[in-house]
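Dear colleague,

I am writing to hand over a structure for your consideration. Please find it below, together with its sequence.

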Amino acid sequence: MRTIADVCVSERLSTAAGSKEALLEKFKAQSTASDPAFAAREETRRAVRIGREAREAERNAARDARKAAEQEALQAEQAERAAREALEAQETAEQAARQVAMAAEAKAARDAR
């Protein structure tokens with residue numbers, strides 16, 4: 001019995017050691033900053049990130065320009081509307097002044113008779 005138990009423990013220990021060695025080899029195989037392939041991948045990632053940021057900045061600038069143009073158009077429309085209303089108010093005031101003048105002339109003509 002003792003030999004069977006020793007064999008089982010030995011197998012478990014050798015399996016654990018094998019797993020540990022495989023993990024160590026995997027860690028050693030990872031790229032480092034001095035590896036040219038790693039540096040190339042990092043440079044590619046950096047270029048992609050810079051391109052993405054540039055596209056995002058471009059979209060933001062276009063959106064801001066579009067909003068500014070819409071705001072200017074709205075302000076121009078409001079200014080035009082205000083000018084029309086001022087002109088209508090002036091015409092109404094002139095018409096009222098003419099009516100008052102005509103009423104005064106009519107009263108003066110009646111008084112003169």
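The paragraphs that follow set out what was found in it.

Please bear in mind that this is a predicted model. The chain contains 2 helices and 0 strands. Buried residues account for 0% of its 113 residues. Its accessible surface amounts to about 10,200 Å², and carbon and sulfur atoms contribute 57% of that area.

Salt bridges

How many salt bridges does a search of the whole structure find? The search returns 5 salt bridges, and three of particular interest to this message are described here. As a general matter, side chains of opposite charge can pair when their charged atoms come close.

One of the salt bridges joins Arg45 to Glu42, with 2.4 Å between the closest N and O atoms. Both residues belong to helix 2, which covers residues 36-112. Arg45 and Glu42 are 3 residues apart there, about one turn of the helix. Arg45 is partly exposed, its relative accessible area being 46%. Glu42 is partly exposed as well, with a value of 27%.

Another salt bridge is formed by the side chains of Glu43 and Arg46, at 2.6 Å from N to O. Glu43 and Arg46 are likewise residues of helix 2, and a spacing of 3 residues puts them about one turn of the helix apart. Glu43 has a relative accessible area of 45% and is partly exposed. Arg46 also counts as partly exposed, at 34% relative accessibility.

Farther along the numbering, Arg81 forms a salt bridge with Glu77, and their closest N and O atoms are 3.1 Å apart. Where do Arg81 and Glu77 stand with respect to each other in helix 2? They are separated by about one helical turn, because they are 4 residues apart in that helix. Arg81 is partly exposed at 36% relative accessibility, and Glu77 is partly exposed with a relative accessible area of 44%.

Charged patches on the surface

Which residues gather in a patch of positive charge on the surface? The patch consists of Arg49, Arg52, Arg55 and Arg59. Among them, Arg55 is located in helix 2. The relative accessibility of Arg55 is 47%, so this residue counts as partly exposed.

The surface also carries a negative patch, made up of Glu85, Glu88, Glu91 and Glu94. One of these residues, Glu91, is found in helix 2. Glu91 has a relative accessible area of 45%, which means that it is partly exposed.

Summary

To conclude, helix 2 holds the pairs Arg45 and Glu42, Glu43 and Arg46, and Arg81 and Glu77. Helix 2 also holds Arg55, a member of the positive patch, and Glu91, a member of the negative patch. As you examine the predicted model, these residues may serve as points of reference.

With kind regards

Note on methods
Residues are numbered from 1 along each chain as its sequence is written. This is a predicted model: local features need pLDDT of at least 70, side-chain atom pairs count only at pLDDT 80 or more; totals for chains, interfaces and linings use all residues. Side-chain values use heavy atoms; hydrogens and water are left out. Buried means under 20% relative accessible area, exposed over 50%, partly exposed in between (1.4 Å probe, protein chains only). Accessible areas come from the Shrake-Rupley method with a 1.4 Å probe; for residues, only the protein chains shown count as cover. A salt bridge is a side-chain nitrogen of Lys or Arg within 4 Å of a carboxyl oxygen of Asp or Glu. Patches are made of residues with over 30% relative accessible area and no salt bridge: like charges are joined within 9 Å, nonpolar side chains (Val, Leu, Ile, Met, Phe, Trp, Tyr) within 5 Å. Lys and Arg count as positive and Asp and Glu as negative; His and the chain ends are not counted. The place of a charge is taken as NZ of Lys, CZ of Arg, CG of Asp or CD of Glu.
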